[in-house]
Amino acid sequence: MNLKFCILFSFFVRNVIARGGYRSTSLSSAADLGFENESYAGSGRHLIEENQSHHPRTDIARGYMTNSELERAVKEFGRRCSHISRIYSIGESVRGFPLWVIEISDKPGREEPEPAFKFIGNVHGDEPVGRELLLLLANWICDNYKRDPLVDLIVDKVHLHILPSMNPDGFSFRRRGNANNVDLNRDFPDQFFPWNNNEDARQPETKAIMSWLREMCFTASASLHGGALVANYPWDASLDKRKNYYACPDDGTFRFLASIYSKSHYNMSLSKEFEGGITNGAAWYPVYGGMQDWNYIYGGCFELTLEISDNKWPNAKELPTIWEYNKMSMLNLVASLVKTGVHGRVFSSDSGRPLPGLITIKGINYTVKTSGTLADYHRLLVPGERYEGHTYLVGKRRSHKCRLYS
């Protein structure tokens, strides 16, 4: 049988070198990276310098949506923006609250040869800014579709999935862990230590995320946290448990993605603590059983951990400002799935039938799988470089060698 391997499209973007950890390299602006940007102002890593109150608040949740209000907002979005969205649940929390997801696409619910991106908010119950920003993001996209080219690109060329709250029970209790007081970002299987290998012992929220990735092929992802201002990337830890830079096979690509977010942000890249506003997780502090590394290893998904506010639970009055500071970062990160990388499909030239395959890049010890039905692939790479790629058919020993340009 004759086989045909088709690279549908690729993009050339100016070559850049991103900064990460303690490296001292130059970094271009967001505009130089090929992404849209708004004006920068201020210095340092704090979002809002003025009117910082240190007095205890009587109700830190005032002005934030309750879980019931969040559920109503999600469903109302689905009604208002049904032409570009669908609402579904990936499971339930310990206390039975649905884990609602908003999918945004020009063809929601339909499988297409397009990359998929997911945002996850409120992983830690006491870090609720992400759940608010993700609803603002969804509504902003809906309001600006067919009016803003960047929004059109995202809706027409990406399947965006938004889980505003992974931990609604923790939010209700105003604490980090879920209803069982388990830190969900320590509950995933770990590459170095086997303490989370018993799937039956995992929390329902963790199981829901893992099942989600088994059912859907995500190209990239980001979880939203609070307590710092930095874009964090793998690896999150190392075998020796030391606080040192530990690079994953796609270190360059992850630093590029993290830099897109940081340089598009109002002042994240101006951080005095994190050079360029990005950090390798293991260089910052080791995390074992984290969702980020599990996504990359087991889910084939390039995930960042985004710390988007210095205060874990800022006054609700600050939310509009935090949204404006992060808006372009969120949009540009999602759009990067289309603007960069190598994308294609594997199929038989005889029958036109999609064929399952594996995509490898010479010099990078990581494999990207094609999707199950359409056999499409979306391999994120640092732009401006030449790569030698191989496509392997699953279950066969034959491969196709090709040169790729990103």
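**Exercise 1. Locate Lys 146 and describe its backbone and exposure.**

Step 1. Lys 146 sits in the loop between α2 (129-144) and α3 (149-157). The model is predicted.

Step 2. Take the backbone. Phi of Lys 146 is near 70°, a positive value in a residue other than glycine. Most residues other than glycine have a negative phi.

Step 3. Take the accessibility. The relative accessible area of Lys 146 is 58%. Exposed means over 50%, so Lys 146 is exposed.

**Exercise 2. Treat Ala 375 in the same way: is this residue buried or exposed?**

Step 1. Ala 375 belongs to the loop between β12 (364-369) and β13 (376-379).

Step 2. Its phi is positive, about 55°, although Ala 375 is not a glycine.

Step 3. Ala 375 has a relative accessible area of 1%. The cut-off for buried is under 20%, so Ala 375 is buried.

**Exercise 3. Find the residues joined by a cis peptide bond, and place Trp 235.**

Step 1. The bond joins Pro 234 and Trp 235, with omega about -10°. Most peptide bonds are trans.

Step 2. Trp 235 lies in the loop between β7 and α6.

**Exercise 4. Work out the surroundings of Asp 183.**

Step 1. Asp 183 is in the loop between α4 (168-173) and α5 (204-215).

Step 2. Its relative accessibility is 17%. Buried means under 20%, so Asp 183 counts as buried.

Step 3. List the polar partners. The side chains of Asp 183 and Arg 176 form a polar contact of 2.7 Å. The Asp 183 side chain also reaches the backbone nitrogen of Asn 185, at 2.9 Å.

Step 4. Set aside neighbours within four places in sequence. Asp 183 is then in contact with His 124, Arg 176 and Gly 177.

**Exercise 5. Lay out the open sheet: which strands stand at its edges?**

Step 1. Write the order. Eight strands run β2-β3-β5-β4-β6-β9-β7-β8, with mixed pairing.

Step 2. Read off the edges. These are β2 (85-92) and β8 (278-280). Each has a single partner strand, so one side of each is left without a neighbour in the sheet.

Step 3. Add the twist. From one strand to the next it averages 25°.

Step 4. Inspect one pair. Strands β4 (residues 116-120) and β6 (residues 220-225) run parallel and are joined by four bridges. Phe 119 stands opposite Ala 222 in β6.

Step 5. Place the helices. Helix α6 (residues 251-264) packs on the sheet and touches β7 (228-233), β8 and β9 (302-309). The direction of α6 makes about 30° with that of β9. Helix α8 (residues 291-298) lies across β4, β6, β7 and β9, at about 160° to β9.

**Exercise 6. Identify the residues of the largest nonpolar core that touch the most other members.**

Step 1. The core has 79 residues. Those touching the most other members are Ile 104, Phe 117, Phe 119, Leu 137, Leu 160 and Leu 306.

Step 2. Trace the sources. Helix α9 (residues 319-339) gives the largest share, eleven residues. Domain 1 (67-338) and domain 2 (342-404) each supply at least three residues.

Step 3. Follow Phe 119. Beyond four places in sequence, its contacts include Leu 134, Leu 137, Leu 160, Ala 222, Met 330 and Val 334.

Step 4. Check for another core. A second, separate one has 20 residues, among them Leu 99, Ala 116, Met 291 and Trp 294.

Step 5. Set this against the chain totals. Buried residues make up 59% of the 406 residues in the protein chain. The chain has nine helices and 15 strands.

Terms used. Residues numbered from 1 in each chain as written. Predicted model: local features only at pLDDT ≥ 70, side-chain atom pairs only at ≥ 80, totals over all residues. Heavy atoms only, no water. Helix = DSSP H or I, 4+ residues; strand = E, 2+ residues; numbered from the N terminus. Buried < 20%, exposed > 50% of the residue type's maximum accessible area, 1.4 Å probe, protein only. Polar contact = N/O pair within 3.5 Å; in protein donor to acceptor, adjacent residues only side chain to side chain. Contact = heavy atoms within 4.5 Å. Core = buried A, V, L, I, M, F, W, Y, C linked by side-chain atoms within 4.5 Å. Domains from an automatic or database assignment. Pairing = 2+ DSSP bridges. Axes fitted to C-alpha atoms, helices over the stretch in contact; angles between N-to-C directions.
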